[in-house]
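The following note sets out points on the structure for a colleague's consideration. The ligand shell is taken up at the outset, followed by the domains, one sheet and the overall dimensions.

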Amino acid sequence: MQVPLLDLRDQYAPLRDEIMKEIAEICDSQRFILGDKVVKLEKELSEYCGVPHTCGVTSGSDALLIALMVENIGAGDEVITSPFTFFATAGAIARTGATPVFVDIDAKTYNIDPEKIEAAVTSKTRAIIPVHLFGQCCDMDKINAIARKHNLIVIEDAAQSIGAEYKGRSAGSMSDYGCFSFFPSKNLGCFGDGGAVSTNTAERFELLKIFRNHGQGSTYIHKYVGGNFRLDALQAGILSIKLRELNKWHDGRARNAAIYRELFAASGITGVTLPEVADYTTRHIYNQFSIRISGGRRDAVRKFLTENNVGCNVYYPLCLHLQDCFAYLGGKAGDCPVSEAISQEILALPIYPELKKEQLEYVVATIEKALKQA
Ligand SMILES: Cc1ncc(COP(=O)(O)O)c(C=O)c1O
């Protein structure tokens, strides 16, 4: 049996004709940059996420960068975030010239630990970027309370969590900005790179639109130094079609997560921790189903799974405070012990909606075999 970590072909097949028609229409119009298709998608995303405004941009990485740029965050400023996330979160902070400050995560959700944030706030702190990792939101009430107390901007990195809910509120709708990625492997993926930033005020929305187009207030009149962060009409057209299916895909992932829980419970497997769903989580969208394998056996299990045609991957093997490019920040092993321990144990299993029950059974049976040998 083959169980890839992700195979998008089954998702694409039933939408193929409609998507091809959309692509043909856009090619016939020869209007590729921003335009009606992007405006339509922005409105649909705002409605889906329950936010007043959404601005389509080039990627999730640029979504984070442009939000920081609009807030004029840069050299001399500090921005608090998680060390256990995809690089882009801290990369965006560093690209503005600001200093990323890493705060350890909560061992249950793998999200930034709100209890540890306040100790990291200094007179230079301007913003917090909580990352809703793997499809589950951070504890936003606590994070927003700290931000209000210290007058900080909050930018949600919702790249992995469009549609995830915290106490009934949607990821990206709970703070000043929400940043989304439409990288193909996300629950809502386009056919290349794409992203979006949601925001809560009309002023910020206007600034986002200006900054995504080289800071032009009007044609060739540059009020700010922005960048080319414009979303393509082709990607927007494809995303509008796929957005209609998104809840069904989320439900398919949640169904698979429930099947995994049953299969693991019925197996004789010990020393494996399944993803925990926090009390505050009203919807987990399972962009990843990441288990933890204790006792230094993760890499052996990973190898065995790969050899037996089960796709799996480690998100993330090296915490950001230990990356070479951030050596100048002086981070060292032991600074974020929870993140460091989890990075040695974490393993993402196939969870995409089109998987069959037999494939999930094969994954769990193969893990059981691997653990017997490890
Ligand atoms: C948590 C997180 N932040 C940011 C990004 C960056 O998004 P993109 O790949 O669209 O630039 C990603 C995507 O990989 C991500 O997972």
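1. A residue is counted as near a molecule if its C-beta atom, placed from the backbone, lies within 6 Å of that molecule. The model discussed here is predicted. On that criterion, 15 residues surround the ligand, and the closest are Ser59, Gly60, Ser61, Ala159 and Ser181.

2. Two helices deserve mention in connection with this shell. The elements that give two or more residues to the shell around the ligand are α4, spanning 60-70, and α5, spanning 88-95. Divided by class, the shell holds 8 polar, 5 nonpolar and 2 charged residues.

3. The domain assignment describes domain 1 as 9-103 + 110-243 and domain 2 as 246-373. Taken over C-alpha atoms, the centres of domain 1 and domain 2 are separated by 25 Å.

4. Contact between the domains involves 30 residues of domain 1 and 28 residues of domain 2. On the side of domain 1 that touches domain 2, at least two residues each are supplied by α1 (9-12), β3 (99-102), β6 (165-166) and α8 (233-243). The largest share of that side, 3 residues, comes from β3. By class, the residues of the side of domain 1 that touches domain 2 comprise 14 nonpolar, 10 polar and 6 charged.

5. An open sheet is formed by 3 strands in the order β12-β14-β15, with antiparallel pairing. The edges are occupied by β12 (272-273) and β15 (346-349); each has a single partner strand, so one side of each is left without a neighbour in the sheet.

6. Within this sheet, β12 is joined to the antiparallel strand β14 (residues 289-293) by 2 bridges. Threonine 273 stands opposite arginine 292 in β14.

7. As to overall composition, the protein has 12 helices and 15 strands. Of its 374 residues, 48% count as buried. Among contacts between residues at least 6 apart in sequence, 70% join residues at least 24 apart.

8. How does the radius of gyration of the protein stand against what a compact globule would have? For 374 residues a compact globule would have a value near 21 Å, and the protein has 21 Å, which agrees. Along its principal axes, the C-alpha trace spans about 65 × 55 × 35 Å.

Note on methods:
Residues are numbered from 1 along each chain as its sequence is written. This is a predicted model: local features need pLDDT of at least 70, side-chain atom pairs count only at pLDDT 80 or more; totals for chains, interfaces and linings use all residues. Two strands pair if DSSP finds at least two bridges between them. Helices (H or I, at least four residues) and strands (E, at least two) are DSSP runs, numbered from the N terminus. Domain bounds come from an automatic or database domain assignment. Two residues are in contact if their C-beta atoms, placed from the backbone, lie within 7 Å. Ala, Val, Leu, Ile, Met, Phe, Trp, Tyr, Cys and Pro count as nonpolar, Asp, Glu, Lys and Arg as charged, and the others, Gly among them, as polar. The radius of gyration is taken over C-alpha atoms; the globule rule is 2.2 Å times the number of residues to the power 0.38. A residue is buried if 20 or more other C-beta atoms lie within 10 Å of its own, exposed if 12 or fewer, and partly exposed in between; C-beta atoms are placed from the backbone.
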